Amino acid sequence: MNTETSAARRFAEGFIRAVVPVLLALIVSAFVMMAIGASPLEFFAGVWKYGITGNNWQRSLVLMAPLVIVAVGLIVAFRGQLWNLGYNGQYLLGAVVASGLGPILFDVMPAFLATIVVFIVAVLAGAVWSLIPAILKARYGTNEIITSLVMSFIAVGVVNLLIKGIFKDPGVTTPQTAVIPDDELLPYIPGTQIHIGFVIAIVLAVVAQFVLSRTSFGLRVDIFGASPKAARHVGLNSTWMVILLFALSSGLIAFAGSIDILGQFTYQRADWDPRYGDAVMPLVFLARFRPVAAIPFVAFYAVLATGGTLAAQQAGLNVDFLLVIVGLILLFMTITEYIGDRRKLGQSYVPAGLRRTVLKPFLGSSVASSSAGTSATESRSASERTSV
Amino acid sequence: MSDMLSAAFVTVFIATVIAQAMPLMLAAVGETIGEQAGVLNLGIEGVMLIGAYSAFVATLVSGSFWVGVLAGIVGGIVGNLAMLVLNVWLGLNQIVIGLAVTLIGEGITSVLYLQNYTKSPASLGTPPKIAIPGLSDIPVVGPSVFGQTGIFWIAVIVALVLAFAMARTNWGLSTRSAGQKPSSLDAAGGSVVRTRSIAVVLSGALVGFGGAYLSLITTATFSPMLTNGLGFIAIVITMLSRGRILVVMITSLVYGLAVAIGPALQVIGFTVPADIIKMLPFIIVILMLIVFARSSVVPPALGTPYTRGAR
């Protein structure tokens, strides 16, 4: 069997495997929309209109900032085969550090310095929060999916307590933190309404890509991910690796939360949870755990989400429909993967021609199209502040 | 303090513990059967929601709680079909499929509910109760435990029967061997795929039943994201119980206690913030994980698709 494939062919295969599941998910979701009496055409037209046209593309880019950072955070853990699913809690912890601690710090020090301190504390909060799942995993092999998820639910409670307690803005009756004034927020990229968090996110993705694919640390992560046993043989400390990867992953996701508050939301309300991680997770799988490759997927999702919020209302849907699309992408991803593997490795004894015929109904069965977006993407104009 | 000890209060308290524990117990028993057969179903949060929503709709439409429970069970089986086809039959990644099922379940039930019921929020009323003659006359315990609905008794009996079947029948043995060492089951002439398929369908039915219990009896209504992590708690309880269904039942009661204690404290005058009450079960779960981490054992073949002849 020919194991050597040209770079172009590999790229084409990777591209097809990444794009096909998204298309299939969109097609099926269109059918689901029709089944529940909403108009897919109206919805997709709305996504285009509210996600890209006019100045709306800027809102999509603003949403990309936290999403890209969350993606990098997830990739760091997933590369080492550690399934950090506590992202919702970690994001909210980072956000509450910014929205609660931020206003206090901005009073006593220059905005620049305070921003740096907020970022550091947010990253540390995320990293420390992940110690329990990490240690349980490293010491006792407890399934980290479960522990990180449970910790996530606890984090949501802690964040709510903070917002209703010490971080509450006394001037407002609803439980929310004080609004951070415009001149203390992250600056815009000149000439746009996009805050510099977007640049930070892109730089972070490029750096992560470099570290993971071109340094010895990246190699260690890959060896550890491939087989912790093999890693032990070559002298890697697996306990330390689990804790480090978890701390990095969780710290980055918390960082995304703090950048989102300082860049776009300006304050945080109790029970608010944008659930970015749920949306990003399938995207990092599609990007094969490569940070830079995740950027176009995140951009696609950002447009879907930015435009989808309004588009869904117009099409008579609820924004939770976005979860369905994301779930469908996951399902089609595994199926595409299955077919791809079968074809490439030739595990089947069926002759190639016949195999294609056999798989055909499978490929053809997933029909249909599309769908919708959510997530609170608001500009920081005062009129829209209420929606956080 | 005298309030706390009043018979009426204790009766309500016990009834709350049971109402909170039952959906979790059913889901965890379902998950146990799946896990023992080697299928880790991370999607049960979504499957529960599908069961809860189908039960809610069916009861509203038909007016019968029994039809509702049946619809919940069917909904659960349908929700688990993705796991059956993609994982058991095709051997695809369980984690990814599980999360997909959770997301789709959360999304679709929320969208459907908000589309159909927000304008006129519907509530189900009270299901008919069966008072067991004699026992239900016992003060305090009688009305709370022996005055439950028929659905409660069915659930308890199903769990007990399954506990017996898992431990003492051929079916239980082959199910457990499908999770312990599938190749030995294969060598002994059983079919790993068939055994796992049955386990996954049964597991879906139980998880759907759990969802139905939640919406029909525990909360008596449906709301988006109703389960709020209950599915994941069920997975933890399953892991900690090491496949013993009786232990699952007892642990679920501990969870019910954790949920019921918050409101009870409020009644006797302690004000506990609602957020802490919501967090309490998760904190208890994580504490249990920390304390018993060493003993949370899962079947060796859990999560691995079976390929005959592969090592």
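Below is a short chat about the predicted model shown above.

User: Hi! What should I know about the numbering and the model?

Analyst: Residues are numbered from 1 along each chain as its sequence is written, and chains are lettered from A in the order in which they are written. The model is predicted, with local features needing pLDDT of at least 70, side-chain atom pairs counting only at pLDDT 80 or more, and totals for chains, interfaces and linings using all residues, while side-chain values use heavy atoms and leave out hydrogens and water.

User: Thanks! How many residues does each chain put into the contact?

Analyst: Chain A gives 44 residues and chain B gives 40, where contact means heavy atoms within 4.5 Å.

User: And how much area do the two chains bury?

Analyst: About 3,700 Å² between them, 82% of it on carbon and sulfur atoms. Buried area is the accessible area (1.4 Å probe) that two parts lose on being put together, summed over both.

User: How many salt bridges cross that interface?

Analyst: The rule finds two, taking a side-chain nitrogen of Lys or Arg within 4 Å of a carboxyl oxygen of Asp or Glu. One of them joins B:Asp275 to A:Lys164, at 2.8 Å from N to O.

User: Which helices of chain B supply at least two residues to that side?

Analyst: Helices H5 (94-117), H11 (230-241) and H13 (274-292) of chain B do; helices here are DSSP runs (H or I, at least four residues), numbered from the N terminus. H5(B) gives the most, with 15 residues.

User: Switching topic: how many salt bridges are there over all chains?

Analyst: Five. Among them is A:Arg79 with A:Asp222, whose closest N and O atoms are 3.3 Å apart. That pair links distant parts of the chain, 143 residues apart, with A:Arg79 in helix H3 (residues 56-79) and A:Asp222 in helix H9 (residues 216-226) of chain A.

User: Why would such side chains pair?

Analyst: Side chains of opposite charge can pair when their charged atoms come close.
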